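Hi,

Here is the structure I promised to pass on to you. Have a look at it first, and my notes follow below.

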Amino acid sequence: VNAIVQELEDRCRILFRLRVNPRNGTPLSNAVALMSVPDEYDGRRARVRSAGIEGDVGADWNDMTRILSWRAGELHGGAIREFEASFPAVGGLEA
């Protein structure tokens with residue numbers, strides 16, 4: 001996983017790329033991404049997008065653990081999936 005974090009005044013944006021080992025002989029199925037969200041950002045209003053998928057990815061937020069999770073789907077050996085997660089600052093505008 002490679003990640004780029006951009007902290008702006010009113011939000012945080014994280015861009016990351018997930019790459020499956022090209023030597024995997026079978027697909028990675030039911031993959032789930034987990035992201036811990038710092039207290040100063042509102043994970044409840046986070047938006048997650050993936051390259052090649054229209055609209056937001058259906059992400060689940062857990063208030064107790066402050067973990068945002070979503071399904072990455074089935075990925076074959078050598079596959080690359082890019083995601084962008086955007087979080088507004090607590091008390092800020094939408095992501």
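Strands β1 and β2 make a hairpin, with three residues between them. Please keep in mind that this is a predicted model. The two strands of the hairpin, β1 and β2, run antiparallel and are joined by six bridges. One position to look at is alanine 3, whose bridge partner in β2 is phenylalanine 16. Strand β1 covers residues 2-7, and the number of buried residues among its six is zero, so β1 lies largely in the open.

Next, the open sheet. Three strands form it, in the order β3-β6-β5, with antiparallel pairing. Its edge strands are β3 (28-36) and β5 (60-62), each of which pairs on one side only. From one strand to the next, the twist averages 30°. Between β3 and β6 (residues 67-75) there are seven bridges, and these two strands run antiparallel. Within this pairing, alanine 33 stands opposite tryptophan 70 of β6.

Tryptophan 70 is a good residue to click on next. Leaving aside residues up to four places away in sequence, tryptophan 70 touches Phe16, Ala31, Val32, Ala33, Met35, Val48, Val57, Gly58, Ala59 and Phe83.

Which residues touch the most other members of the largest nonpolar core? They are Met35, Val48, Leu68, Trp70 and Phe87, in a core of 20 residues. The elements giving two or more residues to this core are β2 (11-19), β3, β6 and β7 (80-88). Strand β6 provides the largest share, four residues.

Now for the rings, which you may enjoy. The structure holds three aromatic pairs. In one of them, phenylalanine 16 and tryptophan 70 have ring centres 6.0 Å apart and planes at 45°; the pair counts as tilted because that angle is neither under 30 degrees nor over 60. This pair links distant parts of the chain, with phenylalanine 16 in strand β2 and tryptophan 70 in strand β6, 54 residues apart. Are these two residues buried or exposed? Both phenylalanine 16 and tryptophan 70 are buried. Together with Phe83, Phe16 and Trp70 form one aromatic cluster.

If you view just one spot, I would suggest phenylalanine 16: it is the bridge partner of alanine 3, and it belongs to the aromatic cluster with Trp70 and Phe83.

Best wishes

Conventions
Residues are numbered from 1 along each chain as its sequence is written. This is a predicted model: local features need pLDDT of at least 70, side-chain atom pairs count only at pLDDT 80 or more; totals for chains, interfaces and linings use all residues. Side-chain values use heavy atoms; hydrogens and water are left out. Two strands pair if DSSP finds at least two bridges between them. Axes are lines fitted to C-alpha atoms, for helices over the stretch in contact, and angles run from 0 to 180 degrees between N-to-C directions. A nonpolar core is a set of buried Ala, Val, Leu, Ile, Met, Phe, Trp, Tyr and Cys residues joined through side-chain atoms within 4.5 Å. Buried means under 20% relative accessible area, exposed over 50%, partly exposed in between (1.4 Å probe, protein chains only). Contact means heavy atoms within 4.5 Å. Rings of Phe, Tyr and Trp (its six-membered ring) pair if their centres lie within 6.5 Å; planes under 30 degrees apart count as stacked, over 60 as edge-to-face and the rest as tilted.
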